[in-house]
Amino acid sequence: MSKYNLHYAGLKDGIHEFEYLLKQDFFDMFEHPLVQGANVLIHLTVTKSAVMVVLDIKVSGTVHVECHRCLEEFEMPLDMRKTIIVKTTGDDNEVDGDNIIRADNAHDIHLAQHLYDVVSLSIPLKVTHPDNASGGMGCNEETLRTIAKYMVKNEKQDDPRWDLLKKINNN
Ligand SMILES: [Zn+2]
């Protein structure tokens, strides 16, 4: 994880740009890896001043996910941006642990968790294929039909069990 430590003490005041390419091995370091494959590009703009370091984290690239609707896997493009203010001096009154945080120590800001969190924000709880050009569901229609058939079949199969339960209850 030390690869993702920003050594801000060594930076001059002003703007600095960094890029990170996050592959699956990055996400596998966390308890919930989020994705089954990743090609995530982080563009980090660091603005350092005497009292704070501003992190502007821009997320692009793709993650490999499974569609909740048709269960097919696909590459979902990411587009997210978050600004975090890291206080390097002063008291903790303004620190909220989310958008305003305190530096991990006098030299470093540990970026890994923040990068993970921003990518996590850019992935909806229920991932689905994006709509197609004509505004309809972007899912594979054939797969959806197969799932619909399977669900109807399962409902029918449940009926005899209910009948059996009713019989037992009546006895
Ligand atoms: Zn789908």
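1. A nonpolar core is taken here as a set of buried Ala, Val, Leu, Ile, Met, Phe, Trp, Tyr and Cys residues joined through side-chain atoms within 4.5 Å. The model is predicted. Its largest nonpolar core has 41 residues, and those with the most contacts inside this core are Leu22, Val40 and Leu55. In soluble globular proteins, nonpolar side chains tend to be buried together.

2. Which elements give two or more residues to this core? They are strand 2 (14-23), helix 1 (24-27), strand 3 (38-48), strand 4, strand 5, strand 6 (80-87) and helix 2. Strand 4 supplies the largest share of the core, six residues.

3. Valine 40 deserves a separate entry. Leaving aside residues up to four places away in sequence, valine 40 touches Tyr20, Leu21, Leu22, Phe27, Val59, Ser60, Gly61, Thr62, Val63, Leu78 and Val119. Leu22, one of these partners, is also listed among the core residues with the most contacts.

4. The zinc ion has four protein donors: Cys67 (SG), Cys70 (SG), His129 (ND1) and Cys139 (SG), which lie 2.0 to 2.4 Å from the ion. The arrangement is tetrahedral because the four donor atoms subtend angles of 104 to 113° around the zinc ion. Ideal angles at a metal are 109.5 degrees for four tetrahedral donors.

5. Along the sequence, the zinc donor residues follow the spacing C-x2-C-x58-H-x9-C. Cysteine 70 sits in the loop between strand 4 (52-66) and strand 5 (73-77), and histidine 129 in the loop between helix 2 (112-121) and helix 3 (141-170), so this pair ties together parts that are 59 residues apart in sequence. Are cysteine 70 and histidine 129 buried or exposed? Both residues are buried.

6. On the overall fold, the protein chain contains three helices and eight strands. Their order along the sequence is β-β-α-β-β-β-β-β-β-α-α. Among the contacts in the protein chain with a separation of 6 or more, 58% are between residues 24 or more positions apart.

7. On dimensions, the protein chain has a radius of gyration of 24 Å, whereas a compact globule of 171 residues would have one near 16 Å. The C-alpha atoms fill a box of roughly 80 × 45 × 30 Å along the principal axes.

8. On exposure, buried residues make up 31% of the 171 residues in the protein chain. The accessible surface of the protein chain is about 11,100 Å², and carbon and sulfur atoms account for 54% of this surface.

Notes: Residues numbered from 1 in each chain as written. Predicted model: local features only at pLDDT ≥ 70, side-chain atom pairs only at ≥ 80, totals over all residues. Heavy atoms only, no water. Donors = N, O, S within 2.8 Å, 3.2 Å for Na, K, Ca; no water. Tetrahedral: all angles 85-135°; square planar, octahedral: opposite > 155°, others 65-115°. Helix = DSSP H or I, 4+ residues; strand = E, 2+ residues; numbered from the N terminus. Buried < 20%, exposed > 50% of the residue type's maximum accessible area, 1.4 Å probe, protein only. Contact = heavy atoms within 4.5 Å. Rg over C-alpha atoms; globule rule 2.2 N^0.38 Å. Areas by Shrake-Rupley, 256 points an atom, 1.4 Å probe, with all protein chains shown as cover.
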